[in-house]
Amino acid sequence: MKQEWWKKSVIYQIYPKSFKDTNGDGIGDLQGIIDKLDYLKELGVEVIWLTPIYESPQKDNGYDISDYYRIQPEYGTMETFEELLRQAHLRGIKIIMDIVVNHTSTDHAWFIEASSSKDSLLRDYYIWKNPVDGGVPNNWKSKFGGSAWTFDERTGQYYLHLFDESQADLNWENPELRERIYDMMRFWLDKGVDGFRLDVINLLSKDQRYPNDTLEKATDDGRKYYTDGPRIHEYLKEMNERVFSRYPNLLTVGEMSSTSIEHCIRYTNPEEKELSMVFNFHHLKVDYPEGKKWVAAEFDFLQLKRILSEWQQGMQAGDGWNALFWCNHDQPRVVSRFGNDGNYHRESAKMLATTLHLMQGTPYIYQGEEIGMTNPYFSNIDDYRDVESINAYRLLIKQGVKETEVMAALQQKSRDNSRTPMQWDDTEQGGFTNGEPWIKLAPSFSSVNVKNELNDPDSIFHHYRNLIQLRKEYDIIAYGDYNLLLADHPELFAYVRSFGKEKLLVVSNFSSRTTSFTPPEGLDAGKETTLLISNYPDTNEYLSEFVLRPYESAAYYCRD
């Protein structure tokens, strides 16, 4: 297995709008990130991933880009970004930028020109279709609800938008369009950016027949005709050859929607020359009953174990590479989702960190995860800002779903759960801003904040810091094989990593009940082992049969 630098690194995702505001307008900015670089250095992360900071009308909080070459004024200037890059590099921290090339904002100059006339020279930069039987070209659904097509009155055709109607899909069949995208990527890399996170990158290639789907299940919404599409590997190989391969030590991570292990092996196997690593989201749909997102539901623990383990072993067998994550700007807070943010807040937050960070792959920490930030549990729709959540609320109410049920689903599933401001201290607005924040803080900020975490050596923050350090010290964490234990155990998530003569056992209790654990053969009682990390202060130092307390987690290392 090739030992690239990023296999022993941990990446920290920043959602600039909610990270740190320095000018009192209630919106986080680039200067705020500069001011907190020493905090990130202390945590130990080596890479920052910035969600989009480009000029945008902010219909989808920056994922609707109107100008790839300009910084959103609310965040700062190009000079501020260049200073951020310089200051990060001085501290040994790399920066990767979020690139959205499946679609642009309808405010982008390309779309404005393309929609001006059917004869526009840029018309073919987007995907246009004539009406069919007086209506939409096919029955594909938008990820944000409703049809994936919007009618353009001026030209009498529909344009495709897999997301919001203000996010028009680009036509990757057009080679001129692809070259303009590659030019833009080189612009940022020439500034010194260290890589890219590529938004929904596996949706670029659409089935050119544009057939109807069956609509039989929630997932029969057209996605099979544009996910991991017919030319996607061709496009990524071209992107790598034209851009990535020309910049040494670049990190590229693809966000893969509804993908498969087989495709992700191809995306990340070094021989394929496409990407460094990939995100997949299958493990974050284990609380989607029958594939439905907008329903409050318990998560399926056995399914969570099965999916994570299938991806560990599948990618390992194919020499692919996983991006490991519980949280991001589109997902609820993991301590509220798979842990217990009430009675066992600290224990479950640490347990979840240990379970993920000791797997094979590159771990990602989403801002605030390292201090155990929780969902805000907003009780009023007016507190939400996310376009997807607001659309879902309106659609469900229209369908006759009770408002209490809709709000329960939003409290559990809304993207705004992760977008509340970073909680720096217990002062008004949590130290995020001196003004009125663009979205309310989670009420937990008075107790869950960076100031408290830094002052407590047993904090969640210090647990994450220790995990980051262990990955740097132990090759087995980055390169060891993975084997799941106790696949059918209803409470324990246990696995063994193996690397030459080394073994690492990780065992986690995902419940508020006590449960016993017997070490597997080869790591049996009496064999000399070292406790690498745990989330209770008095966990057995040497491995033997023991009882795990609520949300207890421990990792043991041994060498033959």
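Ala-494 of strand 17 stands opposite Val-507 in strand 18 in this predicted model. The two strands pair in the antiparallel sense, over 8 bridges. They form a hairpin, with 2 residues between strand 17 and strand 18. Gly-500 lies in the turn and has a positive phi of about 60 degrees.

Strand 17 also pairs with strand 16 (residues 481-485). This pairing is antiparallel as well and comprises 5 bridges. Tyr-482 has Arg-497 of strand 17 as its bridge partner. Strand 16 and strand 17 form a hairpin too, with 6 residues between them. In that turn, Leu-486 has a positive phi of about 50 degrees. Strand 17 spans residues 492-499, and 6 of its 8 residues are buried, so the strand is largely enclosed by the rest of the structure.

Strand 18 (residues 502-509) pairs in turn with strand 22. The sense is antiparallel, and 7 bridges are involved. Ser-508 stands opposite Ser-553 of strand 22. Strand 22 is joined to strand 20 (residues 530-534) by 4 bridges, and these two strands run antiparallel. Here Leu-531 stands opposite Tyr-556 of strand 22. Strand 22 covers residues 553-559 and is mostly covered, with 6 of its 7 residues buried.

Parallel pairing is found in an open sheet of 8 strands. The strand order is 13-12-11-5-2-1-15-14. Strand 13 (277-279) and strand 14 (323-324) are the edge strands, each pairing on one side only. Within the sheet, strand 2 (residues 47-50) and strand 5 (residues 94-99) run parallel and are joined by 4 bridges. Leu-50 has Met-97 in strand 5 as its bridge partner. Helix 3 (residues 78-90) lies across both strand 2 and strand 5. The helix runs at about 140 degrees to strand 5.

A helix pair was also examined. Helix 11 (residues 387-398) packs with helix 12 (residues 403-413) at an angle of about 155 degrees. Their axes are 10 Å apart. That angle makes helix 11 roughly antiparallel to helix 12, because angles over 145 degrees count as such. The crossing of the two helices is right-handed. Helix 11 contributes Ser-389, Tyr-393, Leu-396 and Ile-397 to the contact. Helix 12 contributes Glu-403, Val-406, Met-407 and Leu-410. The residues of this contact divide into 6 nonpolar, 1 polar and 1 charged.

Notes:
Residues are numbered from 1 along each chain as its sequence is written. This is a predicted model: local features need pLDDT of at least 70, side-chain atom pairs count only at pLDDT 80 or more; totals for chains, interfaces and linings use all residues. Side-chain values use heavy atoms; hydrogens and water are left out. Two strands pair if DSSP finds at least two bridges between them. Contact means heavy atoms within 4.5 Å. Axes are lines fitted to C-alpha atoms, for helices over the stretch in contact, and angles run from 0 to 180 degrees between N-to-C directions. Angles under 35 degrees count as roughly parallel, over 145 as roughly antiparallel, 65 to 115 as roughly perpendicular and the rest as oblique. A crossing is left-handed if the near helix is turned anticlockwise from the far one by less than a right angle, and right-handed if clockwise. Ala, Val, Leu, Ile, Met, Phe, Trp, Tyr, Cys and Pro count as nonpolar, Asp, Glu, Lys and Arg as charged, and the others, Gly among them, as polar. Buried means under 20% relative accessible area, exposed over 50%, partly exposed in between (1.4 Å probe, protein chains only).
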